[in-house]
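Dear colleague,

I am handing over the structure that we spoke about, and I would be glad if you looked through it before reading my notes.

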Amino acid sequence: EIKDDEIDVLTKIASAMKYDYTPLKYSYVCKYKDGSQAVSHTVRLNITNKTLVRSLVKYGIVPAKSNVLDMDLEQIPEEYIRHFIRGYWDGDGHIDITHGIHLSVVSTFMMIGSFILHLEKVIPNFAYTLHYRNKDNLMNETMYINRKAVCMDLLSYLYEDSNIYMDRKYKQYEIAKERYTRSLND
């Protein structure tokens, strides 16, 4: 499931799998404590294929992965770790460029811990905050990165000189890079 304005991602997946699909459209209303609300429009790609499911389970992609995902990045060859993190960020991360530059990613505390250990090695002065997504489920965390310089270092690490990039987040990275460079020159 993905934001409706990013339907091309699902179309590419369906096309690569030679899967004839009709997007399922949903709308969700998010109500805030102050009484305001926002509507989110999404599209979903459902694929029901037992062989595919069994194959995905072999690689650790299991139902309710948000509660059990535990992967040691050290299992990934060093030259592929940033590509893995970029792909993960594309799926479960967020780049906010509406009010400055802010980054976040959601995962299990084990996965977030693996990201932190790696990112502290490759990004100078890596700074972040952690918040539990739900106080009743301590398995899920959100890692927030709010310092502009750290955000840009992380985005550069993920996207600069990559031989491929994820369409969804790369555009936001380019805008953030332009704004950050402009702010340094002002």
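Below is what was found in it, beginning with the strands and going on to the nonpolar cores.

Please keep in mind that this is a predicted model, in which local features need pLDDT of at least 70 and side-chain atom pairs count only at pLDDT 80 or more, while totals for chains, interfaces and linings use all residues. Residues are numbered from 1 along each chain as its sequence is written, and side-chain values use heavy atoms, with hydrogens and water left out.

Helices (H or I, at least four residues) and strands (E, at least two) are DSSP runs numbered from the N terminus, and two strands pair if DSSP finds at least two bridges between them. Strand β3 (residues 37–44) pairs in the antiparallel sense with β2 (residues 24–31) over 8 bridges, where C30 has A38 as its bridge partner. These two strands form a hairpin with 5 residues between them, and G35 in the turn has a positive phi of about 95°. Strand β1 (residues 2–3) is also antiparallel to β3, over 2 bridges, and I2 is partnered there by V43.

The largest nonpolar core (buried Ala, Val, Leu, Ile, Met, Phe, Trp, Tyr and Cys residues joined through side-chain atoms within 4.5 Å, buried being under 20% relative accessible area with a 1.4 Å probe, protein chains only) has 32 residues. Its largest share, 8 residues, comes from α6. Leaving aside neighbours within four places in sequence, I145 is in contact (heavy atoms within 4.5 Å) with residues including W89, F126 and L154. A second, separate core of 7 residues includes V9 and V43.

Best wishes

How values were computed
Buried < 20%, exposed > 50% of the residue type's maximum accessible area, 1.4 Å probe, protein only.
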